[in-house]
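I opened this notebook page to record what I looked up around the ligand and along the chain. The entries follow in the order in which I made them.

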Amino acid sequence: MPPPIPLSLNIVGAGRLGKTLGRLWHRRHSFEISGICNQTLQSARAAQTFIGAGEACASLADLPAADCWLIATADDQIEDVARQLGPLLPTDRTTPPMVFHCSGALPAAALADCAPAQIASAHPVHSFAEPAQSLETFTGSTVALEGDSGACEQLRQAFVQLGCKTLTLTAPQKVLYHSGSVIACNYLTALMDLSLQAFSGAGIDEKTARELLEPIVLQTARNNFALGPGRALTGPIARGDSETVRKQLDALTALRPLLADNYRALGLAAVDLAQRTGLTNAQAQRLQAVLNQPSK
Ligand SMILES: NC(=O)c1ccc[n+]([C@@H]2O[C@H](COP(=O)([O-])OP(=O)(O)OC[C@H]3O[C@@H](n4cnc5c(N)ncnc54)[C@H](OP(=O)(O)O)[C@@H]3O)[C@@H](O)[C@H]2O)c1
């Protein structure tokens with residue numbers, strides 16, 4: 001039996017995520033990449049070259065008809081693009097088209113103006129910071145699906161073909177679900193920057209600091225996944241060393257209050273964690289008193 005003909009896919013917003021998924025689906029023959037529309041035709045042409053398929057178009061109105069539409073602009077533009085796209089979608093088909101976005105924060109309902117199209121959101125838990133690298137590392141990522149059941153099933157199959165796991169969510173779950181991913185992923189990057197600022201304050205250059213951090217940060221991440229946060233936590237808070245914490249807080253306050261504010265907030269979270277895994281109440285209270293003391 002010949003393989004089934006892949007559904008056609010238009011991509012509106014072929015940036016970091018859009019062009020990576022476009023290229024992966026094209027390679028896997030999961031979708032036939034049809035039209036590509038970015039803010040500028042030049043950018044759409046560059047995405048077309050990266051994907052290796054599709055036709056760069058100057059505007060939404062120039063895009064060809066398609067079975068599926070991915071809106072992968074920044075979150076703030078998704079509703080606006082859906083509002084423009086709705087009247088352009090055919091209403092006379094026996095099978096309505098499917099429109100989806102990949103935002104972790106927004107529900108499928110952000111695409112309500114595309115009705116009667118089937119709508120869904122499909123959020124890959126993956127950082128597309130470097131698309132060429134994501135082509136190699138995307139397999140194994142989890143994708144959270146939410147929206148119309150038919151659309152979610154189509155997308156589940158398309159992501160499974162890329163070697164992904166999928167998870168089905170309801171719309172109200174999405175905000176906290178996405179917050180969890182932001183805290184662990186985006187804030188880890190913000191923490192690295194704060195850490196490098198502290199090293200810089202100690203006169204240690206960024207290259208040296210990154211070299212010395214890499215093995216311990218990677219080991220800490222591995223410990224968290226293998227043992228869970230409770231057993232992975234080490235350092236002055238896990239030991240109850242409140243005097244060390246006070247000296248560090250004073251030094252960070254003198255260097256930059258933003259560093260001290262973050263040390264304080266995460267220190268209190270670490271005390272809460274350590275209390276669940278062996279820190280005594282007396283040790284916790286001493287640490288909390290130091291961490292709650294306002295900066296001088
Ligand atoms: N990046 C990630 O790691 C990641 C992970 C999970 C989910 N997501 C989600 O994926 C979506 C895209 O994120 P991204 O990081 O790939 O964004 P991005 O790299 O900034 O790309 C956005 C693309 O949208 C295009 N665009 C913006 N406004 C447009 C409009 N009105 N019409 C047509 N095209 C328009 C831009 O065109 P120009 O190139 O011409 O400016 C750009 O190509 C977001 O919903 C985000 O939440 C991203």
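Entry 1, the site. Before assigning the ligand to a site I fixed the term: a molecule sits in a pocket if more than half of its atoms lie within 2 Å of the pocket's grid points. I also kept in mind that this is a predicted model. By that criterion, I recorded the ligand as sitting in the second largest pocket. I then asked which elements give two or more residues to the shell around the ligand. They are helix H1 (16–28), helix H3 (75–85) and strand S6 (118–124). Of these I marked H3, which gives the most to the shell, with four residues.

Entry 2, the shell. I counted 24 residues surrounding the ligand. The closest of them are Leu17, Gln39, Ser43, Asp75 and Phe128. I next sorted the shell by class and obtained ten nonpolar, twelve polar and two charged residues.

Entry 3, polar contacts. I looked up the distances from ligand oxygen atoms to polar atoms of the protein. For Ser43, I found a side-chain N or O atom 2.6 Å from an oxygen atom of the ligand. For Gln39, the distance from a side-chain N or O atom to a ligand oxygen is 2.9 Å. At Phe128 the partner is a polar backbone atom, and a ligand oxygen lies 2.8 Å from it. I then checked how much of the ligand is covered: taken alone it exposes 910 Å², and the protein buries 76% of that.

Entry 4, backbone geometry. I noted as a reference that most residues other than glycine have a negative phi, and that most peptide bonds are trans. Where does the chain place Pro116? I located Pro116 in the loop between strand S5 (98–101) and S6. The peptide bond from Ala115 to Pro116 is cis, with omega near 15°. I also recorded His29, a residue other than glycine whose phi is positive, near 55°. His29 is found in the loop between H1 and strand S2 (31–37).

Entry 5, the annotated region. I consulted UniProt, where an unreviewed entry places the feature "domain: DUF2520" at residues 142–268. Over residues 142–268, I recorded 76% helix and 8% strand. The end C-alpha atoms of this stretch are 31 Å apart.

Conventions: Residues numbered from 1 in each chain as written. Predicted model: local features only at pLDDT ≥ 70, side-chain atom pairs only at ≥ 80, totals over all residues. Heavy atoms only, no water. Near = heavy atom within 4 Å. Polar contact = N/O pair within 3.5 Å; in protein donor to acceptor, adjacent residues only side chain to side chain. Areas by Shrake-Rupley, 256 points an atom, 1.4 Å probe, with all protein chains shown as cover. 1 Å grid on protein atoms, 1.4 Å probe; cavity = no way out; pocket = protein on both sides within 12 Å on 5 of 7 lines; lining within 4 Å. Nonpolar A, V, L, I, M, F, W, Y, C, P; charged D, E, K, R; others polar. UniProt positions renumbered as here; feature names shortened; annotations may be inferred.
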